[in-house]
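Work through the exercises below with the sequence and the model at hand. Try each task before reading its solution.

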Amino acid sequence: MGFRNHVKMMCWSRALLSSCALLLIMLQSCLDAVPISIDKTKVKEPEQQPEEPPANVDTGLHYDRYLREVIDFLEKDQHFREKLHNTDMEDIKQGKLAKELDFVSHHVRTKLDELKRQEVNRLRTLIKAKQDIEGGNDIAVDHQALLKQFEYLNHMNPHTFEVEDLDRLIKSATKDLENYDKERHEEFKRYEMMKEHDRREHLKTLNDEERKKEEEHYEEMRKKHADHPKVNHPGSENQLKEVWEEADGLDPEDFDPKTFFNLHDTNGDGFFDEQELEALFTKELEKIYDPTNEEDDMVEMEEERLRMREHVMNEVDTNKDRLVSMDEFLVATKKKEFLEPDSWETLEQNQAYTDAEMREFEEHLAQQEQDLNQRAVDLQKQRTELERQQEQLNAQKIELQQAVEHMERLKSQKVDGLPEVHVEGNDISHVQAADNQLHVEQEAQLPGHQDQLPPASPQEHLVQHEEHQQNIPQQTHQEIPAVQPEVGQEHPHQP
């Protein structure tokens, strides 16, 4: 959503909330006021259009939908509408209007109960989602404790919409929306300081010649932007007459405040809201800003528009309800400030920040950059350590795989690689001797012989066994000399 649209929605929403007591007269005809000393042949009567309620606009509050639905349903109750019509803004802020909730119809109360239950469930869902994101799936969530942060509803009673709920909703929305201008000023100040900071940082990247050219270009653009026609003081007679002539196509000599008011009360509710006021300054802003010009910043244009609206509201809105009534407007047109206003100083004549604020801002940015760099160093160290551990794991994995493959080869050789043995004659005794020798070595590795021989690994057992198996055929095929009987020993086959 664009900057301009967001601002306009916020402005209309402030007017909607602040003027609850005034919304009921939106159907009042703008033709009640009779033009004075006007040649009606010069005034083009606007075509009659069916009146439509203003579109619902997002206030920017996280409870915007809940706020609008509550207001819409309360306006459907006849008793509540009458109280709205007779209650001023100060009484609304003090909670007097909220007490009238006890007298609304059962149907409206039932619907308000349903809206509150839906809002409580929405908040609980948001709380649970946040808990899940933060990794607290196994932690029990205390919804009652967390709901306390949402001041616009009574969390202790999540089922019914009571007087306290309406009182909380009005006070919270009023406070939040009234702080909008203050927050907007701070946001624009940060925008301007960041723009200047970026310009200075860019200059640091240039050589002396390039820096000189860039500075000259910057000064040229500043002077070009400041070279514009005179800007009329917002809300002054000259400024309104210019709109009367150029936008309305009427003779400035026939200017009439009452007719002007009716022409620019676009929704016909009998009041200038903030959006309708801002529309009156378009001609003045076109003198200063052109979106096709390099030197003109459209964000600054919108800030200039809001400054003008704030100024007029402060001068004309005497009851501070953020609306300008017909009476307030007519009274303002008789003041000296309306007839002989001071000159209007535009943004380029009023720097949004001081030198001290700029230094503090840059120091804050430098600290943030230092913290980010340190964080980057820490993360790089963690990454290096993780990569080292990964390399160790990979090496261990390779060694383990090689050991498994070696064992598989040894097993395969044991099963498929045994040679066939042919034994003849006296070779049997040598085969038996080799076999006995193999058994002696195997028994030496049994638990009873472990204290005589050092333990051997499974691989050594397999290797030893393979060597003995390979030696057996070599021994059986060697020529074995005949055994001569000892002297005095009789041959077993001789008598």
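**Exercise 1: The annotated spans**

The unreviewed UniProt entry lists residues 252-287 and 304-339 under "domain: EF-hand", where positions follow the numbering used here, feature names are shortened, and annotations may be inferred rather than shown by experiment. The model is predicted, so local features need pLDDT of at least 70 and side-chain atom pairs count only at pLDDT 80 or more, while totals for chains, interfaces and linings use all residues. Residues are numbered from 1 along each chain as its sequence is written, and side-chain values use heavy atoms, with hydrogens and water left out.

Task: Describe the two annotated spans by their helix and strand content and by the separation of their ends.

Solution: Begin with residues 252-287, which are 56% helix and 6% strand, and whose end C-alpha atoms lie 19 Å apart. Continue with residues 304-339, which are 67% helix and 6% strand, with end C-alpha atoms 22 Å apart. Helices (H or I, at least four residues) and strands (E, at least two) are DSSP runs, numbered from the N terminus. By that count, the protein chain has 19 helices and 2 strands.

**Exercise 2: A covered helix**

Task: Find which residues of helix α11 are buried and what covers them.

Solution: Helix α11 spans residues 257-264, and 6 of its 8 residues are buried, where buried means under 20% relative accessible area, exposed over 50%, and partly exposed in between (1.4 Å probe, protein chains only). The buried residues are P257, T259, F260, F261, N262 and H264. Their cover includes α10 (237-246), β1 (271-272), α12 (274-279), β2 (324-325) and α15 (326-332). For the chain as a whole, 35% of the 495 residues count as buried.

**Exercise 3: Two partners of one helix**

Task: Describe how helix α8 packs with α9 and with α14.

Solution: Two packed helices are described by the angle between their axes and the distance between the axes. Axes are lines fitted to C-alpha atoms, for helices over the stretch in contact, and angles run from 0 to 180 degrees between N-to-C directions.

1. Helix α8 (residues 180-204) and helix α9 (residues 208-226) pack at about 150°, with axes 9 Å apart. The two are therefore roughly antiparallel, the term for angles over 145 degrees, whereas under 35 counts as roughly parallel, 65 to 115 as roughly perpendicular and the rest as oblique.
2. In this contact (heavy atoms within 4.5 Å), E196, R199, H202, L203 and K204 of α8 meet R211, E214, E215 and Y218 of α9. These residues divide into 2 nonpolar, 1 polar and 6 charged, with Ala, Val, Leu, Ile, Met, Phe, Trp, Tyr, Cys and Pro counted as nonpolar, Asp, Glu, Lys and Arg as charged, and the others, Gly among them, as polar.
3. Helix α8 also packs with helix α14 (residues 298-316) at about 150°, with axes 12 Å apart. These helices are therefore roughly antiparallel too.
4. On the α8 side, D181, R184, H185, F188, Y191, E192 and K195 take part, and on the α14 side V299, E300, E303, L306, R307, R309 and E310. This contact divides into 4 nonpolar, 1 polar and 9 charged residues.

**Exercise 4: One residue in the contact**

Task: Is R184 buried or exposed, and which residues does R184 touch?

Solution: R184 lies in helix α8 and counts as buried because its relative accessibility is 3%. Not counting residues up to four places away in sequence, R184 touches E303, L306, R307, R309 and E310. The C-alpha atoms of R184 and E303 are separated by 8.8 Å, although these residues are 119 apart along the chain.
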